[in-house]
Structures are given as structure tokens and as C-alpha cells.
Amino acid sequence: MKTALITGITGQDGAYLAEFLLKKGYHVLGMLPQRSSTSLWRLDDLGITEQIRFVPGDVTDISSMLKIIKQYKPGEIYNLAAQSFVGSAWQQPILTCNVTGMGVLNLLEAVRLSQCDCKIYQASSSEMFGFVQQPVQDERTPFYPRSPYGVAKLFGHWMTVNYRESYGFFACSGILFNHESPLRSLHFVTRKVTHAVARIVHGLQSKVKLGNLDASRDWGFAGDYVEAMWLMLQQDKPDDFVIATGRAVSVRHMCQTAFDCVGLDYSDYVETDPTLFRPAEVDTLLGDPSKAKKILGWEAKTSFEETIRMMVEADLKRVREQFGPKKGTHAP
Ligand code: NDP
Ligand code: GDR
């Protein structure tokens with residue numbers, strides 16, 4: 001039986017990837033930072049918590065990773081751990097760089113020092129393109145990060161490439177564009193909006209305040225993207241891949257799509273709040289996933305509209321269950 005170690009298992013992608021690997025028959029090890037606040041709600045939601053072996057560790061603590069790798073000798077390691085909210089990266093730039101940047105180097109060094117013969121997936125990001133140098137970004141597009149998060153991811157990306165080229169590591173960097181799902185954290189704009197739609201329908205809030213509505217992103221579905229991570233590690237040689245849908249949509253259009261799902265006009269509910277604008281914005285990101293299609297045979301299956309609808313429906317259900325008529329409050 002193959003063993004895979006996932007860092008960041010409690011996050012959106014960690015949950016979908018764990019589910020995917022379990023279905024493939026893997027023994028899944030989930031690295032769990034020992035904090036009082038750790039929540040397994042996503043894994044519980046997918047009904048897979050009991051099938052995962054949790055091991056204590058933190059990407060900022062190389063000794064914990066060395067211990068895990070030596071003890072379990074995983075064949076594949078998926079490094080998803082990060083402080084992944086771009087908006088927080090200006091408030092906590094050092095923490096962001098320690099976790100999202102140095103965390104990658106800690107993992108690579110733990111693998112090198114333990115002489116573990118394993119394949120590594122590094123969760124890189126389209127945020128590395130930042131102030132885009134080409135209208136459509138692919139694996140050859142020059143990077144220009146625009147946030148401490150983007151800079152930290154770029155450090156992790158180049159370390160991954162360097163360990164591959166210096167030590168012959170089977171290490172891949174997946175340059176993933178935004179991907180969303182009902183398991184997305186409320187920090188991110190899609191889920192903030194779909195959650196607000198559900199609460200507005202149930203009379204629990206009247207408006208949603210957002211920052212820049214003119215930014216656009218290439219939004220896919222997380223459940224599709226975890227397959228691409230796995231496919232990268234099943235190839236004969238390690239490489240880097242852009243994973244995207246090839247279509248960009250503005251935040252404004254995303255709001256319209258989400259409110260349309262419940263027959264409401266977004267412009268009656270969405271307000272802009274200058275405090276939610278970022279010190280430096282990434283205006284538009286649009287990926288070209290042709291290399292992934294050609295070499296991995298991967299392409300996005302779920303449309304943007306399907307993803308948003310899925311999220312709105314999941315949030316409506318959650319709000320109904322939490323505040324529905326049984327509890328005597330706010331029937332729709
Ligand atoms: P999430 O923010 O949902 O998950 C991040 C995970 O990292 C959580 O499990 C978190 O644990 C964990 N974590 C945070 N700090 C540490 C630490 N010091 N040691 C170990 N684990 C830690 O992110 P996603 O699932 O959305 O993304 C997965 C990865 O892919 C991230 O690296 C992200 O930067 C990257 N990425 C994501 C994209 C997206 O659109 N989703 C696009 C491109 C890249 P806890 O919850 O306990 O804090
Ligand atoms: P992003 O995702 O920064 O692209 O990073 P996010 O959903 O946070 O922002 C997308 C765009 O929406 C604009 N925006 C707002 N964003 C948030 N969060 N909240 C708001 O109220 C709001 N109003 C407007 C933002 O300015 C931005 O332009 C995500 C993360 O998953 C990263 O970890 C990942 O690397 C990248 O995607 C690819």
C-alpha cells in the first residue's frame with residue numbers, strides 16, 4: 001500500500017486530496033500542527049476523518065518533519081501547509097514567510113537529511129505572477145509577486161526547483177490558480193459571498209462589504225485540482241505545471257452569479273469598503289493550462305457557474321440547519 005503524507009490536511013485542498021488518495025487506496029498520513037484551535041470540520045464533512053492517521057508536526061519545525069519522514073517513509077509528500085490568505089500577509093509578513101516560504105525549505109531539508117526516497121508536490125501559486133508580465137500566464141511567464149505571500153511562495157517554488165536540479169529530487173511545483181469549493185474558508189471572496197447570499201436569504205444579514213470588485217481571477221473547483229497534484233507525481237520525470245481553467249471572471253461578475261442563484265440582484269446587497277482593498281492588488285490572473293492537458297491529460301471539469309452554485313447550495317443548507325425553523329429563527 002502506498003503511503004502519502006499531506007501537510008495542511010485540515011485545509012480545503014488537504015481535505016479533497018485526502019479523500020482522493022483514500023479512494024485510490026493510499027494510506028494517508030495527515031500532519032497536524034499541535035494548536036488549541038485545530039479543526040477537522042472539512043474532513044468530518046467528507047466523512048474521512050477516521051481513515052486518516054494524524055501525526056503531530058509543523059512546517060516551521062524541521063525536527064517534527066524529520067521524525068515523521070524517518071518513521072513512516074512516505075512514498076509521496078504533498079506540501080499544502082501555508083498561511084494562505086493573501087489579505088493577512090501584510091499584517092503578518094514574517095509569519096507568512098516562515099510558514100509559506102521557510103516551511104518549504106524545512107520540508108526539503110528534512111527529506112534530504114533523512115535520505116527518504118519520496119516524491120514531493122509543492123503547492124505553488126498564481127500569486128507568484130502578481131503584477132502580470134503577460135496577459136495569459138503559463139510556465140514560462142516571468143514572476144512578479146505583489147504581496148508577502150507571493151514572495152514567500154516564489155521562495156518555495158525556486159527552492160523546489162533547486163532541490164530537483166541540485167539533488168535529483170522528484171519534486172514538482174504545481175502553479176495553481178484560484179480554486180474554490182464549499183470547503184473554502186470564509187476569508188476568501190467566493191465563500192464570503194456565497195455565505196452572505198445564504199444569510200441574506202434567511203434574513204440574517206442585509207449587506208455584504210467587499211473590497212476591489214474589478215479584480216478578476218481564473219476560478220476553478222478544488223475537487224478537480226487535487227487530481228492534477230497527484231498526476232504530477234505519477235509522471236516519469238518531475239516538472240512544474242500551471243493548473244487553471246483558462247477563463248477569468250471579475251469579482252463583480254462572481255457576485256452577480258452567486259446572487260443570481262437565489263434570484264436576487266447583487267447590486268442591492270454588495271457594498272464596497274475601502275478598508276478591504278489591499279495595499280497592492282493583483283488585478284487579473286488568467287492561466288494557460290495547455291501543458292497540463294498535453295502531458296498530464298488534465299483539464300478542469302467543473303465550470304465556474306457550477307462551482308458557485310454548489311457553494312451557494314451548500315451554504316444555504318448549512319444556514320438552514322443552523323438557523324432553520326426547527327430552532328425557531330428566521331425561516332427563509
Ligand atoms: P488553506 O488555508 O485552506 O489550508 C492551509 C493549511 O495549512 C491548513 O490545514 C493549515 O492548518 C495548515 N497550516 C498553516 N500553518 C501551518 C504550519 N505552520 N504547519 C503545518 N500546517 C500549517 O489552503 P488551501 O487548502 O486553499 O490551499 C492549499 C495550499 O495551496 C496552500 O499552500 C495554498 O497557499 C496553496 N494554493 C491554494 C490555492 C487556492 O486557490 N486554494 C491556489 C494556489 C495555491 P490550520 O487550519 O490548522 O491553520
Ligand atoms: P486570492 O483570493 O487573494 O486571489 O488568493 P481571495 O479570494 O482572497 O481574493 C480574490 C480577489 O478578490 C478581491 N476581493 C476580496 N477578497 C477577499 N478575500 N475579501 C473581500 O472582501 C474582497 N473584496 C474583493 C481581492 O482583492 C482579490 O483581488 C487565493 C488564495 O487561495 C491563495 O492562497 C492562492 O495562492 C491564490 O488564491 C491563487
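The following exchange goes through a predicted model and asks what supports each description of its residues, domains and ligands.

User: Why is threonine 257 called buried, and where is it placed?

Analyst: Threonine 257 has a relative accessibility of 11%, and since buried means under 20% relative accessible area, threonine 257 counts as buried. Its place is in helix α9, which covers residues 251-260. Leaving out residues up to four places away in sequence, threonine 257 touches Phe304, Glu305 and Ile308.

User: Why is phenylalanine 143 described as partly exposed?

Analyst: The relative accessible area of phenylalanine 143 is 21%, and the label partly exposed applies between the limit of 20% for buried and that of 50% for exposed, so phenylalanine 143 is partly exposed. This residue is placed in the loop between β5 and α6, where, not counting residues up to four places away in sequence, phenylalanine 143 touches Met128, Phe129, Leu154, His157, Trp158 and Ile175. The C-alpha atoms of phenylalanine 143 and valine 132 are 7.5 Å apart, with their positions 11 residues apart in sequence.

User: What makes glutamine 83 a buried residue, and what does its side chain reach?

Analyst: With a relative accessible area of 14%, set against the cut-off of under 20%, glutamine 83 is buried, and its place is in the loop between β4 (76-79) and α4 (86-89). The side chain of glutamine 83 reaches the backbone nitrogen of phenylalanine 85 at 3.0 Å, and because a polar contact requires N or O atoms within 3.5 Å, that distance satisfies the cut-off. Apart from residues up to four places away in sequence, glutamine 83 touches Ser88, Ala89, Leu95, Thr96, Val99, Thr100 and Tyr149.

User: Why is alanine 215 called buried, and which residues is it in contact with?

Analyst: Alanine 215 has a relative accessible area of 5%, and buried means under 20%, so alanine 215 is buried. The residue is placed in the loop between β8 (208-210) and β9 (216-217). Setting aside neighbours within four places in sequence, alanine 215 is in contact with Val249, Ser250, Val251, Glu281, Val282 and Asp283. For one of these, valine 251, the C-alpha atom is separated from that of alanine 215 by 5.9 Å, although the two are 36 residues apart along the chain.

User: How do you know that ligand 1 has polar partners in the protein?

Analyst: A pair of N or O atoms counts as a polar contact within 3.5 Å, and three pairs can be set against that limit. An oxygen atom of ligand 1 lies 3.0 Å from a backbone N or O atom of glycine 11, an oxygen atom of ligand 1 lies 3.2 Å from a backbone N or O atom of alanine 82, and a nitrogen atom of ligand 1 is 3.2 Å from an N or O atom in the side chain of arginine 184. Taken alone, ligand 1 exposes 900 Å², of which the protein buries 87%. The elements α1 (12-23), β5 (119-125) and α6 (148-167) each give two or more residues to the shell, and β5 provides the largest share, three residues. Of the 25 residues around ligand 1, Thr10, Arg35, Asp58, Ser84 and Tyr149 come nearest.

User: What makes the pairs between ligand 2 and the protein polar contacts?

Analyst: The same limit of 3.5 Å for N or O atoms applies. An oxygen atom of ligand 2 lies 2.6 Å from a polar side-chain atom of serine 125, an oxygen atom of ligand 2 is 2.8 Å from an N or O atom in the side chain of lysine 192, and an oxygen atom of ligand 2 is 2.9 Å from a polar backbone atom of valine 189. Ligand 2 exposes 700 Å² when taken alone, and the protein buries 95% of that. The shell has eight nonpolar, seven polar and six charged residues.

User: How do you know that both domains take part in the shell around ligand 2?

Analyst: The protein is divided into domain 1 (3-180 + 219-243) and domain 2 (189-217 + 247-286 + 302-323), and the shell around ligand 2 draws at least three residues from each of them. The C-alpha centres of domain 1 and domain 2 lie 27 Å apart, while 22 residues of domain 1 are in contact with 23 residues of domain 2.

Conventions: Residues numbered from 1 in each chain as written. Chains lettered and ligands numbered in written order. Predicted model: local features only at pLDDT ≥ 70, side-chain atom pairs only at ≥ 80, totals over all residues. Heavy atoms only, no water. Polar contact = N/O pair within 3.5 Å; in protein donor to acceptor, adjacent residues only side chain to side chain. Areas by Shrake-Rupley, 256 points an atom, 1.4 Å probe, with all protein chains shown as cover. Nonpolar A, V, L, I, M, F, W, Y, C, P; charged D, E, K, R; others polar. Domains from an automatic or database assignment. Helix = DSSP H or I, 4+ residues; strand = E, 2+ residues; numbered from the N terminus. Buried < 20%, exposed > 50% of the residue type's maximum accessible area, 1.4 Å probe, protein only. Contact = heavy atoms within 4.5 Å. Near = heavy atom within 4 Å.
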